[in-house]
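Please open the structure in your viewer and keep the sequence panel visible beside it. The tour below moves from one selection to the next and says what is to be found at each.

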Number of protein chains: 2
Amino acid sequence: MSKKVLVPIADGTEEIEAVVIIDILRRAGANVTVAGLTENVKCSRNVKIKADIVLDSIRDDADFDLIVLPGGGKGVENLIKSNKLRTIIENNRLKSLIAAICAAPLILDKFGIITRELHFTSHPSVKSRFTHGHYSDGTVVISNNVITSRGAGTAFEFALALVEQLYGKSMAEEISDDILYWR
Amino acid sequence: MSKKVLVPIADGTEEIEAVVIIDILRRAGANVTVAGLTENVKCSRNVKIKADIVLDSIRDDADFDLIVLPGGGKGVENLIKSNKLRTIIENNRLKSLIAAICAAPLILDKFGIITRELHFTSHPSVKSRFTHGHYSDGTVVISNNVITSRGAGTAFEFALALVEQLYGKSMAEEISDDILYWR
């Protein structure tokens with residue numbers, strides 16, 4: 001069955017991280033919704049992406065199998081201010097996978113998803129800004145239902161780890177082979 | 001001095017390849033123009049990118065330091081039909097770097113850039129369709145002024161090789177460190 005995935009984006013989102021996540025999860029067969037704070041988003045290196053939907057139009061009680069937050073400093077600053085995003089994540093936190101890469105784990109810290117016991121990682125440049133949890137230097141860190149990673153250069157490993165969680169290891173390997181990516 | 005780079009895209013372009021190339025080259029300081037066959041482009045996994053400019057609005061004699069062609073089967077089919085793209089590449093072929101990844105080296109074969117002596121690579125799935133040159137299984141192949149690579153999973157190595165050609169090895173290493181990508 002097709003898994004429902006939400007990828008929120010905003011002005012300043014890191015475009016490599018957003019697009020690697022979206023593309024790889026769609027290759028796996030996921031039903032990925034790219035939800036922009038605005039319909040047209042200008043990413044961190046000026047790539048202009050049109051969202052599938054505006055985030056505020058999503059129902060507060062919409063269910064997702066996975067919510068994935070791309071990084072980019074300004075994009076994270078913008079997403080962290082979204083009450084809609086906070087509500088959707090809070091409503092899904094016990095039943096869904098929650099994932100974030102680069103600076104985006106800061107959103108999870110702010111929204112109370114990174115709890116005292118949780119292990120996580122982020123871009124090293126924002127390491128000092130976390131208030132909870134156990135910081136790890138792993139490329140992809142899986143702790144309870146929370147999956148985190150470090151930066152644009154780890155986006156393939158992150159996206160393939162998400163595929164593995166939703167669809168199993170053989171699907172992740174099949175996609176790696178198709179795109180000629182070897183971990 | 002800022003290097004001028006042209007990245008043509010079309011409906012069906014592989015979005016990871018396009019965005020990794022654009023983002024990494026902009027991180028290096030290049031003046032990258034994303035030129036769409038149409039203003040709004042729907043990529044291979046339905047990511048919607050708005051081009052900076054429509055390809056047909058570029059002057060035939062515009063100079064670039066580098067022209068980079070992203071892959072994606074349908075995107076390559078569309079780009080291969082563009083007389084404007086052929087003209088711009090022909091006018092730059094002796095003074096510019098020409099690069100292509102995944103299925104896009106087929107465009108170079110069709111436009112006469114892959115000559116009898118040239119070494120190149122591509123996505124393995126289109127290997128049998130080339131009419132000239134020496135096929136290589138290398139991840140990134142540099143032969144004269146032509147640089148080719150294999151697929152979305154080799155996009156970082158490809159983009160960083162392009163940075164190295166334009167700006168030198170230390171710039172490529174600095175970007176690798178920033179994005180946490182280690183070759």
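Does A:R150 count as buried or exposed? In this predicted model, A:R150 counts as buried, because its relative accessibility is 11% and the cut-off for buried is under 20%.

With A:R150 still selected, add A:D137, which forms a salt bridge with A:R150 in which the closest N and O atoms are 3.5 Å apart. The pair links distant parts of the chain, with A:D137 in the loop between β9 (134–135) and β10 of chain A and A:R150 in the loop between β11 (146–149) and α5 (155–167) of chain A, 13 residues apart. Unlike its partner, A:D137 is exposed, with a relative accessible area of 57%.

Next, display the strands of chain A as a cartoon, where an open sheet of seven strands runs in the order β5-β2-β1-β6-β7-β11-β10, with mixed pairing. Its edge strands are β5 (53–54) and β10 (140–143), each of which pairs on one side only. Within this sheet, select residues 4–9 and 31–36 of chain A, which are strands β1 and β2 and pair in the parallel sense over six bridges; at A:I9, the bridge partner to look for in β2 is A:G36.

Now bring chain B into view and turn to the contacts between the chains. A search of the whole structure finds 22 salt bridges over all chains, and one of them joins B:R27 to A:E14, with the closest N and O atoms 2.8 Å apart. This pair crosses between chains, from helix α1 (residues 15–27) of chain B to the loop between β1 and α1 (15–27) of chain A. A:E14 is buried, at a relative accessible area of 2%, whereas B:R27 counts as partly exposed at 23%. Adding A:R45 and B:D23 to the selection completes a network of salt bridges that links these residues with A:E14 and B:R27.

A further stop is A:K48, whose salt bridge with B:D52 has its closest N and O atoms 3.2 Å apart. A:K48 lies in strand β4 (residues 48–50) of chain A and B:D52 in the loop between β4 (48–50) and β5 (53–54) of chain B, so this pair, too, joins two chains. A:K48 is partly exposed, with a relative accessible area of 23%, and B:D52 is partly exposed as well, at 33%.

Finally, show the surface and select A:E173, A:E174, A:D177 and A:D178, which form a negative surface patch. Of these, A:D178 is found in helix α6 (residues 169–179) of chain A and is partly exposed, with a relative accessible area of 43%.

Note on methods: Residues are numbered from 1 along each chain as its sequence is written. Chains are lettered from A and ligands numbered from 1 in the order in which they are written. This is a predicted model: local features need pLDDT of at least 70, side-chain atom pairs count only at pLDDT 80 or more; totals for chains, interfaces and linings use all residues. Side-chain values use heavy atoms; hydrogens and water are left out. Patches are made of residues with over 30% relative accessible area and no salt bridge: like charges are joined within 9 Å, nonpolar side chains (Val, Leu, Ile, Met, Phe, Trp, Tyr) within 5 Å. Accessible areas come from the Shrake-Rupley method with a 1.4 Å probe; for residues, only the protein chains shown count as cover. A salt bridge is a side-chain nitrogen of Lys or Arg within 4 Å of a carboxyl oxygen of Asp or Glu. Lys and Arg count as positive and Asp and Glu as negative; His and the chain ends are not counted. The place of a charge is taken as NZ of Lys, CZ of Arg, CG of Asp or CD of Glu. Helices (H or I, at least four residues) and strands (E, at least two) are DSSP runs, numbered from the N terminus. Buried means under 20% relative accessible area, exposed over 50%, partly exposed in between (1.4 Å probe, protein chains only). Two strands pair if DSSP finds at least two bridges between them.
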